Amino acid sequence: MKISIGNDHAGTSYKRLIHNKLEELGHEVTNYGTNSEESVDYPDFVHPVANDVENNRADLGVIICGSGNGANMTANKHQGIRSALCWNTEIAELARSHNNANILSIPARFVSEELAVDMLITFLNTEFEGGRHQKRIDKIPANNNCS
């Protein structure tokens with residue numbers, strides 16, 4: 001799989017670990033994240049990940065910031081993105097299986113590196129169930145004319 005990854009200063013060590021794990025698993029990784037712990041603006045590193053996923057240059061994305069919220073909000077501004085802020089493996093699994101999430105947002109200040117890797121593996125290995133969930137996914141875009 002092709003995976004794009006982005007992070008701010010709070011997620012640098014997590015990004016390194018996740019980047020290495022993805023390569024170890026045989027995935028092609030595009031790194032848009034900072035390699036420093038010097039303060040940066042997370043949107044600068046999240047928009048490129050969302051663009052890759054939205055434009056099919058990446059199959060999935062991983063974004064990491066301190067709370068996961070800012071990165072998640074930024075990614076979800078893209079119409080074709082369903083980014084999920086996850087804090088345990090169960091949420092990561094449901095995000096993929098029920099919501100067909102295409103970006104995993106990790107809150108670096110609130111989960112351990114070990115849990116972050118476990119969530120990543122779960123996210124990558126979980127398939128979208130489709131069926132009743134697909135009609136809900138179809139209603140997510142703001143221009144879907146639902147009443």
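**Cut-offs and conclusions in a predicted model**

Guide: D52 has a relative accessible area of 4% and is buried.

Visitor: Why is D52 called buried?

Guide: Buried means under 20% relative accessible area, exposed means over 50%, and partly exposed is the range in between, with a 1.4 Å probe and protein chains only. D52, at 4%, falls under the 20% limit and is therefore counted as buried. This is a predicted model, in which local features need pLDDT of at least 70 and side-chain atom pairs count only at pLDDT 80 or more, whereas totals for chains, interfaces and linings use all residues. Residues are numbered from 1 along each chain as its sequence is written, and side-chain values use heavy atoms, with hydrogens and water left out.

Visitor: What makes the contact between D52 and R57 a salt bridge?

Guide: The term requires a side-chain nitrogen of Lys or Arg within 4 Å of a carboxyl oxygen of Asp or Glu. The side chains of D52 and R57 meet at 3.0 Å, N to O, and so they satisfy that limit. While D52 is buried, R57 has a relative accessibility of 47% and is therefore classed as partly exposed.

Visitor: How many salt bridges does this rule give?

Guide: The count comes to 2 salt bridges. One of them joins K21 and E24, whose closest N and O atoms are 3.2 Å apart. The two residues lie 3 apart in helix α1 (residues 12-24), so about one helical turn separates K21 from E24. K21 is partly exposed, with a relative accessible area of 23%, whereas E24 reaches 61% and is therefore exposed.

Visitor: How do you know that strand β3 is mostly covered?

Guide: Strands here are DSSP runs of E with at least two residues, helices are runs of H or I with at least four, and both are numbered from the N terminus. β3 spans residues 60-65, and 6 of its 6 residues are buried. L60, V62 and I64 point one way from the strand and G61, I63 and C65 the other way, with buried residues on both sides. For V62, the relative accessibility is 1%, and the residue therefore counts as buried.

Visitor: What makes β1 and β3 a pair of strands?

Guide: Two strands pair if DSSP finds at least two bridges between them. Strand β1 (residues 2-7) is joined to β3 by 5 bridges, so the condition is met, and these two strands run parallel. Within this pairing, I5 has V62 of β3 as its bridge partner. On the same criterion β3 also pairs with strand β5 (residues 103-107), again through 5 bridges and in parallel, and there I63 stands opposite S105.

Visitor: Why is β1 described as largely enclosed by the rest of the structure?

Guide: Of the 6 residues of β1, 5 are buried, so the description follows from that count. β1 also pairs in the parallel sense with strand β2 (residues 28-31) over 4 bridges, and K2 stands opposite E28 of β2.

Visitor: What makes R132, K135, R136 and K139 a positive surface patch?

Guide: A charged patch gathers residues that have over 30% relative accessible area and no salt bridge, with like charges joined within 9 Å. Lys and Arg count as positive, and the place of a charge is taken as NZ of Lys or CZ of Arg. R132, K135, R136 and K139 form such a patch. K135 lies in helix α6 (residues 132-138), and its relative accessible area of 52% is over the 50% limit, so K135 is exposed.

Visitor: What sign does phi have in N56, positive or negative?

Guide: Phi of N56 is near 60°, a positive value in a residue other than glycine. Most residues other than glycine have a negative phi. N56 lies in the loop between α2 (43-54) and β3, and a relative accessible area of 69% makes this residue exposed. N100, likewise not a glycine, has a positive phi of about 50°, and its place is in the loop between α4 (89-97) and β5.

Visitor: How far apart are the C-alpha atoms of G70 and P43?

Guide: They are separated by 7.9 Å in space and by 27 residues in sequence. G70 lies in helix α3 (residues 69-75) and, with a relative accessible area of 10%, is therefore buried.

Terms used:
Patch = residues over 30% accessible without salt bridge, like charges linked within 9 Å, V, L, I, M, F, W, Y side chains within 5 Å. Areas by Shrake-Rupley, 256 points an atom, 1.4 Å probe, with all protein chains shown as cover.
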